[in-house]
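Q: Here is a model that I would like to understand term by term. Could you explain what lies behind the words used to describe it?

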Amino acid sequence: MATRNRTEVTEFVLLGLSSWQEMQPVIFGIVFAMYLVALMGNALLLIVALSDPKLQTPMYFLLSQLSFIDMFLTTITVPQMLVHTLSVNRTISFNCCIIQLFFFMSVGSMEGHLLAAMAYDRYVAICDPLRYSAIISRHLCLRITLTSWVVVSLNSLLYSVLVTRLTFCNNQVTHFFCDITPLLKLSCTQPVVSEMLIFTEGVVVVVSPFFFILGSYARIGIAIARMHSVAALRKALSTCSSHILVVLLLYGSVIRMYLRPSSSYDLDQDRQVAIFYAVVTPTLNPLIYSLRNQEVKGALRRLFRKLCNSGNFQPGSQGKWGWHHIS
């Protein structure tokens, strides 16, 4: 039902990925399978990173947080999408929509901050290895994580408040969850001030980690270029490869979805990019970090061996934090 102002909007209708009814069971099956893989893969990586004594390092602590973020990100959007895919009623209340927007923006932004922290870990490990243990510590990782959560939460709160102040002329959301761009499109008036604030502030909070990552890898590239040992060069490259791939997957989607003028948005295409960002990327991340990583594969073998021998899982003791690279 179309409405004339925000006070009359008590719920939104999420149109989903496609209006083609014959495709709904196919979409449900594919997305549900990928959701299960994302949950199981990230949960397994999280358990291994936190329990295995040989993985008690700052880098693996950050990786465990990334796995938690990926599970959280998919759970915010996918279960509701799966229900709506096979349901005639695709409504979501106004308050639930704003809550979903807040958590999605918070968790999505947090992923970029964690990747920036992981890039800094690699920078110190390659460019200043003798001082690595003195610079990178558990306390520093915890402080970075907590500070990042505060920053992204305040940023998402700003987005949510701006949306509640909009005047809506329609409640048909061309998306499968409540995202900032399709909600701005429903505004009766052109929300110039909101768009400018979101774009400029979003660049600072969302894109600044990306520039920090670029700066870190620029320094790493200079250090690699100066290496004369083939073995050291190969180790440095393998240390960074998985992280670079995950960064490209994340920011390729983010830049395509958010960092451009509203006049150039195509909501149909953005839904396709959003499903890649919200489902495909969290599914691929644990595979990228485990299949190419000998330490993680060794930890998984120890975990499965323990499960086979004891019949239950008993977390390992906490080891000493040190430097272990992720391939």
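A: Let us begin with a definition: axes are lines fitted to C-alpha atoms, for helices over the stretch in contact, and angles run from 0 to 180 degrees between N-to-C directions. The model itself is predicted.

Q: Why are α1 and α10 called roughly perpendicular to each other?
A: The axes of helix α1 (residues 24-51) and helix α10 (residues 294-310) come within 10 Å and cross at roughly 90°. Angles of 65 to 115 degrees count as roughly perpendicular, and α1 and α10 are therefore given that description.

Q: What makes the contact of α1 with α10, and how do its residues divide into nonpolar, polar and charged?
A: Leu44, Leu45 and Val48 of α1 meet Val296, Ala299, Leu300, Leu303 and Phe304 of α10. Ala, Val, Leu and Phe are among the residues that count as nonpolar, and the contact accordingly divides into 8 nonpolar, no polar and no charged.

Q: What makes β2 and β3 the edge strands?
A: In the open sheet of 3 strands, with the order β2-β1-β3 and mixed pairing, β2 (91-93) and β3 (172-173) each pair on one side only.

Q: How do you know that β1 and β3 pair, and which way do they run?
A: Pairing asks for at least two bridges, and 2 bridges join strand β1 (residues 11-14) to β3, the two running parallel. Gln172 in β3 is the bridge partner of Val13.

Q: Why is the aromatic pair of Phe176 and Phe177 called edge-to-face?
A: Their ring centres lie 4.9 Å apart, with 65° between the planes; the cut-offs are within 6.5 Å for a pair and over 60 degrees for edge-to-face, and both values meet them. Phe176 and Phe177 are both buried.

Key. Residues numbered from 1 in each chain as written. Predicted model: local features only at pLDDT ≥ 70, side-chain atom pairs only at ≥ 80, totals over all residues. Heavy atoms only, no water. Helix = DSSP H or I, 4+ residues; strand = E, 2+ residues; numbered from the N terminus. Parallel < 35°, antiparallel > 145°, perpendicular 65-115°, else oblique. Contact = heavy atoms within 4.5 Å. Phe/Tyr/Trp six-rings, centres within 6.5 Å; stacked < 30°, edge-to-face > 60°. Buried < 20%, exposed > 50% of the residue type's maximum accessible area, 1.4 Å probe, protein only.
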